[in-house]
Amino acid sequence: MPSFRRLSFIPILAVTLFPCASAMAQSDNSRPPAPLTEGVITVSGDSVDRLRLAQLDGSAPPDGLMLRSTSSLGDPRRYGMAPRPFSIVFPYLNFVTNSSLPFGQNDGALWAGVGANARVMAGFTATFGPVRLVAIPELVYSANNRLPINPIDTLFAPKIPSSRSTFSSPFNIYPYSIDLPYRFGSSSLTRIYPGQSSITVTAGPVEVGAATENEWWGPAIRNPLVLGDNAAGFPHAFIRTTGGLNGPLGNFDARYIVGGLHESDYFDNDITNDVRSISAFALAWRPSRESQFTLGLTRAVVAPATGYSDVPGAFFNAFKGVGHPDSRALK
């Protein structure tokens, strides 16, 4: 097997602010204003590592780690700050170079193939009363250099069906298939995605909205159980609590989403099955808001869809029985 060497650096051109305990202790009448400029807050990596440390030393409330997204982590109202009508989100650059094998983890829309790879994000936020807009598109580039395949591996791999892309995985065909290309085409890639963008309307303890941002659902530091940022975010609508609801039974944080998942360009040649719907809910409970102990419950259902117009009809799928997947429908 060929070796690989991965080099990466993430220069962040603005310091992400997590307010200190004294700022959070301000009353509603004397809340400090949010900064005019800020850095991109991602759902993994350096952003969350700093927040986790701040929570451990008591300078930030222990909220939002089990269920998180850029829009919820970066909302100044959750940290006792008054949002500005407009703020600038400074650029974030992630550069990765792989010498022999593709390797990337929690890189969002970036395909970290062999060669040089880069991901750039920047944008702005705007807040008007209960409405908050976050616009942070992503530009990604991958040199996508030639990937050597071991002849012994291909010798024992099943033959790729004629209906599949020649770049699809030869090792995941029967009985269940998977959209996991070993290479994304034969040339370099340059793509622009909506990225970590969202629009949210807040009504008391509840928020509703639509987004293309990544969601992180799970307790792990690098590998969440349900949703994460190991790929680009997908378009979805959501309902969620605004940082947890306190009551006599403890603190509850909940999210519900319905969205559309799109097949890659390098799986099969059938354009009629490119879309899947996803309906999912998650609930996190703590004995109190100050507690670091959390229990979570989540369920996600992915179903076939003829197109994005079918996605709203899958809203309640997360509460339906689906039985055992039909392997014939997944080939």
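Is Glu138 buried or exposed in this structure? At 2% relative accessibility, Glu138 counts as buried. Keep in mind as we go that this is a predicted model. Let's start with Glu138 and then work outwards.

Glu138 has a partner: it forms a salt bridge with Arg119, and their closest N and O atoms are 3.0 Å apart. Glu138 sits in strand E7 while Arg119 sits in strand E5, so the pair ties together parts that are 19 residues apart in sequence. What about Arg119, is it buried or exposed? Arg119 counts as buried, because its relative accessibility is 2% and the cut-off for buried is under 20%.

That bridge has company, since a search of the whole structure turns up 9 salt bridges. Have a look at Glu207 next. Its side chain meets that of Arg78 in a salt bridge, 3.0 Å from N to O. Here the link joins distant parts of the chain: Glu207 is in strand E10 (residues 206–211), Arg78 is in the loop between helix H3 (70–73) and strand E4, and they are 129 residues apart. Glu207 and Arg78 are buried. Glu207 also forms a salt bridge with Arg240, with the closest N and O atoms 2.8 Å apart. Arg240 is found in strand E12 (residues 236–241), 33 residues away from Glu207 in strand E10. Like Glu207, Arg240 is buried. Through shared partners, salt bridges join Arg78, Glu207, Glu213 and Arg240 into one network.

Now step back and take in the whole chain. How many helices and strands does it have? The secondary structure comes to 4 helices and 16 strands. Of the 331 residues, 43% are buried. If you take the contacts with a separation of 6 or more, 66% of them are between residues 24 or more positions apart. On the outside, the chain exposes about 16800 Å², and carbon and sulfur atoms supply 64% of that.

So what is on the inside? In soluble globular proteins, nonpolar side chains tend to be buried together. The largest nonpolar core here has 12 residues, including Met66, Trp217, Phe234, Ile257 and Ile278. Strand E15 (residues 275–286) gives the largest share of this core, 4 residues. There is also a second, separate core of 9 residues, with Val48, Leu65, Leu73 and Tyr79 among them. To get a feel for the first core, pick out Phe234: leaving aside its neighbours within four places in sequence, it is in contact with Ala211, Thr212, Leu227, Ile257, Gly259, Gly260, Leu261 and Ile278.

Some nonpolar side chains are at the surface instead. Phe86, Ile88, Phe124, Leu133 and Ile199 form a nonpolar patch there, with about 390 Å² of accessible area together. Ile199, which belongs to strand E9 (residues 198–203), is partly exposed with a relative accessible area of 39%.

The aromatic rings are next. The whole structure holds 9 aromatic pairs. In one of them, Phe167 and Tyr182 are tilted, with 6.3 Å from centre to centre and 40° between the planes. Both residues are in the loop between helix H4 (151–156) and strand E8 (189–193), 15 residues apart. Phe167 is buried at 17% relative accessible area, whereas Tyr182 is partly exposed at 29%. Now compare Tyr256 and Phe319: their ring centres are 5.6 Å apart and their planes are at 15°, so this pair is stacked. Tyr256 lies in strand E14 (residues 250–262) and Phe319 in the segment after strand E16 (295–305), so the pair ties together parts 63 residues apart in sequence. Tyr256 is buried at 11% relative accessibility, while Phe319 is exposed at 55%. Elsewhere, ring pairs link Trp111, Phe167, Tyr182, Phe184 and Tyr266 into a cluster.

Phe316 also lies in the segment after E16. It counts as exposed at 53% relative accessibility. Apart from neighbours within four places in sequence, Phe316 is in contact with Tyr256 and Ser279.

Finally, a detail of the backbone. Most residues other than glycine have a negative phi. Which way does Asn144 go, positive or negative? Its phi is positive, near 55°. Asn144 lies in the loop between strand E7 (138–142) and H4, and is buried with a relative accessible area of 2%. Asn106 also has a positive phi near 55°. You'll find Asn106 in the loop between strand E4 (86–98) and strand E5 (115–128), where it counts as buried at 12% relative accessibility.

Conventions
Residues numbered from 1 in each chain as written. Predicted model: local features only at pLDDT ≥ 70, side-chain atom pairs only at ≥ 80, totals over all residues. Heavy atoms only, no water. Phe/Tyr/Trp six-rings, centres within 6.5 Å; stacked < 30°, edge-to-face > 60°. Helix = DSSP H or I, 4+ residues; strand = E, 2+ residues; numbered from the N terminus. Buried < 20%, exposed > 50% of the residue type's maximum accessible area, 1.4 Å probe, protein only. Patch = residues over 30% accessible without salt bridge, like charges linked within 9 Å, V, L, I, M, F, W, Y side chains within 5 Å. Areas by Shrake-Rupley, 256 points an atom, 1.4 Å probe, with all protein chains shown as cover. Salt bridge = Lys/Arg side-chain N within 4 Å of Asp/Glu carboxyl O. Contact = heavy atoms within 4.5 Å. Core = buried A, V, L, I, M, F, W, Y, C linked by side-chain atoms within 4.5 Å.
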